[in-house]
Amino acid sequence: MSVYIKPVKQANRIGTVLYLPGATWHNYSMFDLPSDEASMADILQQRGIETYSINWEGIDRLPVDAQVGNAHDRNLARVIGLIEQNPIDYILAYSYGVTVALDLVRALPGKIRGIMLLDPYPALKPPGAPDDSVLTDGGDKKIVSRNQVRADLTKFASTVEDTVREAYIENLTDTDKELTVAVYPSAVLKERWSSLENLIISLMQLPIASHVYFTKTSKANVRNYFPTNRQTMFPTASHWILIEPERHQLADSIEQFIKDDNRNN
């Protein structure tokens with residue numbers, strides 16, 4: 001599991017955040033995208049927020065040759081080790097990363113000061129819609145083509161700017177290759193859906209700061225699981241908010257969340 005750090009000098013640091021990514025996009029395609037514009041990691045660093053970010057097993061820039069299987073528990077164990085070895089205050093969990101985060105805060109009670117969830121369980125497919133993923137390696141992985149990614153950005157009315165979109169597409173893989181990622185995150189999400197409400201209730205009862213950020217790609221029933229005073233909606237942003245202009249607004253809210261927690265502790 002690759003680990004990426006955007007350091008901030010201690011004198012200027014207001015907090016340290018570990019970003020837990022989604023089921024498909026690796027660090028350099030989403031959280032810290034190299035482009036002419038500041039990435040989400042850059043923006044947070046500029047605000048005095050040191051970040052750690054990772055790639056899940058089987059989800060990286062290069063194709064994985066070996067069988068991955070279900071790496072969820074291995075991911076969780078590695079994140080626990082990362083937190084135990086580094087001064088991490090807060091979790092920012094995106095999409096599939098929310099599932100890891102919910103397991104994490106129960107596994108390490110009292111270790112994390114706060115948790116932020118970003119677009120958990122989005123409405124990217126209608127309920128009951130068939131999975132049209134192109135599978136490979138005996139169903140262990142799926143292929144995410146560049147054409148599919150471009151079509152999805154249009155389908156979900158993403159606000160990604162042109163230059164950032166092209167950098168995003170180019171950083172998915174090596175030139176002329178498609179993105180190949182493990183399928184286990186989708187299986188874990190489906191498996192956990194029936195217990196989602198209880199998991200969220202458990203989270204809300206923990207003595208830590210918590211907040212959830214939603215985009216227009218979110219589900220109304222998931223939004224209803226959270227108290228209104230602990231959620232923020234970005235109505236113009238999509239599930240690609242981390243590379244959309246609205247990421248600056250998201251950074252504003254994350255910075256305020258950390259400052260409020262610092263004042264209260």
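A crossing of two helices is right-handed if the near helix is turned clockwise from the far one by less than a right angle, and left-handed if anticlockwise. That term is needed at two stops of this tour, which goes through a predicted model.

**Whole chain**

Start with everything shown. The secondary structure comprises nine helices and 10 strands. Along its principal axes, the C-alpha trace spans about 50 × 40 × 35 Å. For 265 residues, a compact globule would have a radius of gyration near 18 Å, and the chain agrees with this at 17 Å.

**The seven-stranded sheet**

Select the strands of the open sheet whose order is S1-S3-S2-S4-S5-S9-S10. The pairing in this sheet is mixed. Go to its edges: strand S1 (3–6) and strand S10 (231–234) each pair on one side only. Between neighbouring strands here, the average turn is 20 degrees, direction ignored.

Now narrow the selection to residues 90–94, strand S4, and residues 114–118, strand S5. These two are paired in the parallel sense, with five bridges. Which residue in S5 is the bridge partner of Leu92? Label Met116 to see it.

**Helices on this sheet**

Add H2, which lies across S1, strand S2 (15–20), strand S3 (49–54) and S4. The direction of H2 is at about 170 degrees to S2. Next add helix H9, residues 247–264, which also packs on the sheet. Its contacts are with S2, S3, S4, S5, strand S9 (209–215) and S10. The direction of H9 makes about 170 degrees with that of S9.

**H2 against H3**

Hide the strands and keep helix H2 (residues 72–85) with helix H3 (residues 97–107). Their axes come within 10 Å and cross at roughly 55 degrees. H2 is therefore oblique to H3, an angle between 35 and 65 degrees being counted that way. What is the hand of the crossing where H2 passes H3? It is right-handed.

Show side chains at this contact. From H2, pick His72, Leu76, Val79, Ile80 and Ile83; from H3, pick Thr99, Val100, Asp103, Leu104 and Ala107. By class, these are seven nonpolar, two polar and one charged.

**The three-stranded sheet**

Move to the open sheet with the order S6-S7-S8, where the pairing is antiparallel. Strand S6 (134–136) and strand S8 (179–182) stand at the edges with a single partner strand each, so one side of each has no neighbour in the sheet. Neighbouring strands are turned by 40 degrees against each other on average, direction ignored.

Zoom in on S6 and strand S7 (residues 141–144), which run antiparallel and are joined by three bridges. Select Leu135 and then Lys142 in S7, which stands opposite.

**H4 against H5**

For the last stop, select helix H4 (residues 146–155) and helix H5 (residues 162–172). They pack at an angle of about 150 degrees, and their axes are 10 Å apart. Are H4 and H5 roughly parallel or roughly antiparallel to each other? They are roughly antiparallel, because angles over 145 degrees are counted so. H4 passes H5 in a right-handed crossing.

On the H4 side, the contact is made by Arg146, Val149, Arg150 and Leu153. On the H5 side, select Arg165, Glu166, Tyr168, Ile169, Glu170 and Leu172. Coloured by class, the contact residues divide into five nonpolar and five charged, with no polar ones.

Notes
Residues are numbered from 1 along each chain as its sequence is written. This is a predicted model: local features need pLDDT of at least 70, side-chain atom pairs count only at pLDDT 80 or more; totals for chains, interfaces and linings use all residues. Side-chain values use heavy atoms; hydrogens and water are left out. Axes are lines fitted to C-alpha atoms, for helices over the stretch in contact, and angles run from 0 to 180 degrees between N-to-C directions. Helices (H or I, at least four residues) and strands (E, at least two) are DSSP runs, numbered from the N terminus. Angles under 35 degrees count as roughly parallel, over 145 as roughly antiparallel, 65 to 115 as roughly perpendicular and the rest as oblique. Contact means heavy atoms within 4.5 Å. Ala, Val, Leu, Ile, Met, Phe, Trp, Tyr, Cys and Pro count as nonpolar, Asp, Glu, Lys and Arg as charged, and the others, Gly among them, as polar. Two strands pair if DSSP finds at least two bridges between them. The radius of gyration is taken over C-alpha atoms; the globule rule is 2.2 Å times the number of residues to the power 0.38.
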